[in-house]
Amino acid sequence: MAVDAPTSVLELREVLGSAARSGQTVRVAATGHSFSDIVCTDSRMLRLEALDRIVEVDREAMTATVEAGIRLFTLNDELGRRGLALSNLGDIDQQTLAGALSTGTHGTAVRFGPIASAVIGLELVTASGEVITCSASEEPEIFACARVGLGALGVITKVTLQCEPAFRMHTIEEPFAFDEALTDWPATIAEHDHVDAYWFPHSDVITVKRSNRTDRPIRVKSRYKQWRDDVLIGNYAFGALAAYGRRRPSQVPAVARRVASGMGRVEKVDVSYRVFCTPRLIRFVEMEYALPRAEMAATLRRIRELIETERLQVDFPVEIRALPADDIPMSMAHGRETAFLAVHVSTGTPYERYFRGVEAIMDEVAGRPHWGKMHYQTAETLAPRYTEWDRFQAVRATLDPHGRFRNAYTDRVLGPIG
Ligand SMILES: Cc1cc2nc3c(=O)[nH]c(=O)nc-3n(C[C@H](O)[C@H](O)[C@H](O)COP(=O)(O)OP(=O)(O)OC[C@H]3O[C@@H](n4cnc5c(N)ncnc54)[C@H](O)[C@@H]3O)c2cc1C
């Protein structure tokens with residue numbers, strides 16, 4: 001495998017030209033935060049770390065044009081310094097912008113879509129080396145599809161984002177009983193800007209984190225309290241459970257119940273991106289599915305039943321999020337009001353029986369797997385779940401007729417070109 005790290009669009013075009021002459025395929029690898037084999041290749045790998053600058057910010061229009069290899073934590077800081085922010089983010093900030101876009105990375109809200117929904121313009125270098133700029137009014141077909149492109153349409157080099165004025169958020173996270181949290185969920189997500197919930201398998205506890213834009217001043221906590229709320233609870237409690245569970249798997253349910261019963265109320269006011277994103281220190285594997293929002297509660301109950309009847313030792317919570325319907329063909333929330341259910345286990349814990357069991361449940365509700373997380377679907381099973389599948393495939397065939405950007409993952413989930 002060869003690794004190239006172009007520092008300009010010109011160098012990138014040279015790499016693509018050389019790959020074409022030698023008949024090699026190319027994959028862009030960003031920070032490798034995907035759990036699937038979406039970036040893997042034994043041919044030619046591209047790294048775009050050098051393309052990480054802020055190109056232009058228009059404060060009046062609240063737009064920012066940035067190079068695509070920028071890491072989200074840098075982007076958040078740079079936007080903040082200029083009085084701007086992204087409206088919605090996932091729960092970490094380590095990824096590159098292009099990596100996050102290409103997998104449909106999302107946060108949680110019923111009014112704010114995935115990160116890709118903030119994109120209003122893109123620059124893409126195609127397999128032939130052509131540099132295409134696109135937006136809703138320029139090359140609209142390419143723009144529609146390339147916002148979530150799985151790295152299969154070309155190399156994204158520049159992105160223009162619609163931002164909003166920098167904001168603070170007030171967040172409260174507290175535990176509820178399983179049935180109560182599920183019954184209240186439709187009202188909770190309607191009433192709050194961002195709602196993220198975690199059910200602790202083997203227990204009756206769901207913690208619900210509700211975050212809203214606020215004018216309140218930032219609450220300065222002691223360093224210990226900040227560490228306790230952001231790091232200790234979300235990481236070490238699970239780390240200890242995971243380590244214990246690997247030595248004594250049969251004890252996982254009892255210990256998980258103890259961890260869940262220890263969850264208390266956490267309140268915080270901070271700048272938006274420090275509320276959205278928190279450190280994740282414990283390694284885990286994850287599968288996440290997007291499903292019709294109305295099916296969320298029944299589907300989570302089925303996952304609970306699966307864990308109980310199969311006596312699965314699950315040492316990590318199930319995360320529950322929501323997104324509005326969007327118009328991006330390969331976005332997991334395309335065309336339907338969406339809920340997300342994400343299942344995890346700590347790295348080293350057997351996951352296949354759990355994940356396959358959950359996937360079978362998701363198949364019954366036309367679930368769409370997160371492109372950057374583990375799943376066992378194929379193009380055959382996925383095509384009927386995306387109403388604009390053919391539209392995406394037509395753009396793919398035009399931009400990459402010889403499959404320069406394919407790998408084993410795209411062969412499996414997108415199928416052949418044309
Ligand atoms: C701890 C953790 C927490 C996470 N939290 C969330 C979350 O809250 N919400 C969520 O939705 N996901 C989440 N994810 C998943 C993660 O956001 C995605 O897998 C994301 O793609 C990773 O970004 P990356 O920069 O590492 O990209 P990679 O994993 O390296 O690449 C992902 C894809 O992007 C393509 N790509 C990268 N750069 C370019 C480019 N310049 N042009 C074209 N294609 C490109 C690659 O080819 C590949 O197809 C999480 C993952 C981890 C490990």
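A residue is called buried if 20 or more other C-beta atoms lie within 10 Å of its own, exposed if 12 or fewer do, and partly exposed in between, with C-beta atoms placed from the backbone. By that criterion L86 is buried, with 22 other C-beta atoms within 10 Å. The model is predicted: local features need pLDDT of at least 70, side-chain atom pairs count only at pLDDT 80 or more, and totals for chains, interfaces and linings use all residues. Residues are numbered from 1 along each chain as its sequence is written.

**Domains and the setting of L86**

Domain bounds come from an automatic or database domain assignment. This divides the chain into domain 1 (2–165 + 380–413) and domain 2 (168–369). The C-alpha centres of domain 1 and domain 2 lie 27 Å apart. Contact between residues requires C-beta atoms, placed from the backbone, within 7 Å, and the contact between the domains takes 30 residues from domain 1 and 30 residues from domain 2. On the side of domain 1 that touches domain 2, α2 (72–81), α4 (140–146) and α12 (389–399) each supply at least two residues. Helices (H or I, at least four residues) and strands (E, at least two) are DSSP runs, numbered from the N terminus. By class, this side of domain 1 has 14 nonpolar, nine polar and seven charged residues. Here Ala, Val, Leu, Ile, Met, Phe, Trp, Tyr, Cys and Pro count as nonpolar, Asp, Glu, Lys and Arg as charged, and the others, Gly among them, as polar.

L86 lies in the loop between β6 (84–85) and α3. Not counting residues up to four places away in sequence, L86 touches L79, I115, A118, L161 and C163. The C-alpha atoms of L86 and Q162 are separated by 7.6 Å, although these residues stand 76 places apart along the chain.

**The five-stranded sheet**

Strands of a sheet pair through backbone hydrogen bonds, either parallel or antiparallel. Two strands are taken to pair if DSSP finds at least two bridges between them. One open sheet has five strands in the order β4-β5-β9-β7-β8, with antiparallel pairing. Its edge strands, β4 (54–58) and β8 (131–135), each pair on one side only. Neighbouring strands of this sheet are turned by 10 degrees against each other on average, direction ignored. Helix α1 (residues 9–21) lies across β7 (119–125), β8 and β9, running at about 50 degrees to β7. Axes are lines fitted to C-alpha atoms, for helices over the stretch in contact, and angles run from 0 to 180 degrees between N-to-C directions.

**The eight-stranded sheet**

A second open sheet has eight strands in the order β14-β11-β13-β12-β16-β17-β15-β18, with antiparallel pairing. β14 (266–271) and β18 (368–369) stand at the edges, each with a single partner strand, so one side of each is left without a neighbour in the sheet. Helix α9 (residues 296–309) packs on this sheet, touching β12 (194–199), β15, β16 (318–323) and β17 (338–346), and its direction makes about 20 degrees with that of β17.

The table lists antiparallel strand pairs from the two sheets.

| Strand pair | Bridges | Opposed residues |
|---|---|---|
| β4 and β5 | four bridges | I54 and V66 |
| β11 and β13 | 10 bridges | P175 and T207 |
| β12 and β13 | six bridges | W199 and I206 |
| β15 and β18 | two bridges | Y289 and P369 |

**Positive phi values**

Most residues other than glycine have a negative phi, and most peptide bonds are trans. In the hairpin of β12 and β13, which has five residues between the strands, H202 takes a positive phi near 75 degrees. R311, which is not a glycine, has a positive phi of about 50 degrees. R311 is placed in the loop between α9 and β16 and counts as exposed, with 8 C-beta neighbours inside 10 Å. A366 also has a positive phi, near 50 degrees. The loop between α10 (352–363) and β18 holds A366, which is partly exposed, with 15 other C-beta atoms within 10 Å.

**The ligand shell**

The ligand is surrounded by 31 residues, of which the closest are A30, G90, G99, G151 and G372. A residue is near a molecule or strand if its C-beta atom, placed from the backbone, lies within 6 Å of it. The elements that give two or more residues to this shell are β2 (26–29), α3 (97–102) and β9 (155–162). The largest share, four residues, comes from α3. By class, the shell has 13 nonpolar, 15 polar and three charged residues.

Conventions
Two residues are in contact if their C-beta atoms, placed from the backbone, lie within 7 Å.
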